[in-house]
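Student: I'm new to this one. Could you show it to me and walk me through it?

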Amino acid sequence: MKRLIFPFSCLLLFTAACQQNASENDSLTDKGTTPITVSDRDTENDTNSNYGYVRRQRNDGENQEQRQEGVPYLDREALADSISRMTSSLPNVADAATLVTDKEVLVSYKTSAQDRSATADSVKRTALSVVPRYYHVYVSDNEEHLDLIERLSNGNSATASDEFRNTLNKTIEKMKTSPQGKEMNNSENANGE
């Protein structure tokens with residue numbers, strides 16, 4: 001009797017697993033205008049292990065507004081939060097403040113590192129790993145710039161006045177006096193310009 005329990009258990013588990021796959025494949029069919037996605041999988045163990053995939057087909061009944069509903073955008077506050085979290089977890093970095101505008105990232109941080117340039121390079125590359133490549137990243141280990149960035153955070157790129165843009169540019173110039181790390185490549189400086 002004991003010799004039959006193991007093979008029977010394996011057979012039971014195998015058939016149950018096959019039924020699971022059949023139900024997942026059912027969600028991949030196109031029914032009307034519903035997008036075809038694979039995001040309904042069980043991801044409680046690792047939310048970053050799956051790829052994102054969506055396939056849409058044009059529906060002639062949709063108007064322009066319905067097609068553009070849900071257009072992706074950059075959540076600048078979420079980007080700033082991610083950059084600050086990752087930067088503050090770097091060795092020798094105790095505090096980090098990040099401002100993300102429509103085309104710049106400003107990161108100010110407190111560090112105890114002796115090699116300021118290497119730390120600046122790590123902070124800059126951390127920020128560049130999160131934002132699109134067209135962004136310019138400016139970093140500073142001057143603790144006074146933490147407050148400057150915080151004051152600039154009340155700005156809005158949609159209604160940015162000339163005065164705000166001038167203040168932002170002056171802050172960037174002040175931040176450039178701190179080490180900015182290594183150049184990105186032969187055609188760009190350390191800030192990606």
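Tutor: Below, we go through this predicted model by question and answer.

Student: How many helices and strands does the protein have?
Tutor: From the N terminus on, the elements follow the pattern α-β-β-α-α-β-β-α-β-α-α. Going by kind of element, the protein has six helices and five strands.

Student: Where is confidence lowest among the elements, and where is it highest?
Tutor: Averaged over the protein, pLDDT is 76, and 62% of the residues reach 70 or more. Outside that share there is the stretch of residues 21–31, where pLDDT stays under 50 and the model has 10 contacts beyond four places in sequence. As for the two ends of the scale, confidence is lowest in strand S1 (residues 36–37), at a mean of 50, and highest, at 95, in S5.

Student: In what order do the strands of the open sheet lie?
Tutor: Start from the edges: S3 and S5 each pair on one side only. The pairing in this three-stranded sheet is mixed, and the twist from one strand to the next averages 20 degrees. Reading across the sheet, the order is S3-S4-S5.

Student: Are S3 and S4 parallel or antiparallel, and over how many bridges do they pair?
Tutor: A hairpin of three residues joins S3 to S4. Across this pair, Ala96 stands opposite Tyr109, and Asp95 has Lys110 as its bridge partner. The sense is antiparallel, over seven bridges.

Student: And S4 with S5: parallel or antiparallel?
Tutor: One bridge of this pair links Leu106 to Tyr138 in S5. In general, strands of a sheet pair through backbone hydrogen bonds in either sense. Here S4 and S5 have five bridges, and the sense is parallel.

Student: Why is S4 described as largely enclosed?
Tutor: S3, its neighbour in the sheet order, is mostly covered, with six of its eight residues buried. For S4 the reason lies in burial too: it is largely enclosed by the rest of the structure because, of its eight residues, the number buried is six.

Student: Which strands does helix H3 touch?
Tutor: Helix H3 spans residues 76–88 and packs on the sheet. Its direction makes about 160 degrees with that of S3. The strands touched by H3 are S3 and S4.

Student: At what angle to S4 does H5 run?
Tutor: H5 lies across S3, S4 and S5. Its buried residues pack against those strands and also against helix H6 (162–175). Relative to S4, H5 runs at about 145 degrees.

Student: Why are the buried residues of H5 on the same side of the helix?
Tutor: The buried residues of H5 (residues 144–152) are His145, Leu146, Leu148, Ile149 and Leu152. An α-helix has 3.6 residues a turn, so residues three or four places apart point the same way. The buried set is on the same side because, around the axis, it covers an arc of only 165 degrees.

Student: Which residues are exposed on the other side of H5?
Tutor: The buried side of H5 includes Leu148 and Ile149. To count as exposed, a residue needs over 50% relative accessible area. On the other side, that applies to Glu144, Glu150 and Arg151.

Student: Is Thr98 buried or exposed?
Tutor: Thr98 lies in strand S3. The cut-off for buried is under 20% relative accessible area. Thr98 has a relative accessibility of 14%, so it counts as buried.

Student: Which side chain makes a polar contact with the side chain of Thr98?
Tutor: Leaving out residues up to four places away in sequence, Thr98 touches Ala80, Ile83, Ser84, Val105, Leu106, Val107 and Ile149. The polar contact, at 2.8 Å, is with the side chain of Ser84.

Student: What share of the protein's residues count as buried?
Tutor: Among contacts between residues at least 6 apart in sequence, 60% join residues at least 24 apart. As for burial, the protein has 193 residues, and the share that counts as buried is 27%.

Methods
Residues numbered from 1 in each chain as written. Predicted model: local features only at pLDDT ≥ 70, side-chain atom pairs only at ≥ 80, totals over all residues. Heavy atoms only, no water. Buried < 20%, exposed > 50% of the residue type's maximum accessible area, 1.4 Å probe, protein only. Helix = DSSP H or I, 4+ residues; strand = E, 2+ residues; numbered from the N terminus. Arc of directions from axis to C-beta. Contact = heavy atoms within 4.5 Å. Pairing = 2+ DSSP bridges. Axes fitted to C-alpha atoms, helices over the stretch in contact; angles between N-to-C directions. Polar contact = N/O pair within 3.5 Å; in protein donor to acceptor, adjacent residues only side chain to side chain. pLDDT = per-residue confidence, 0-100.
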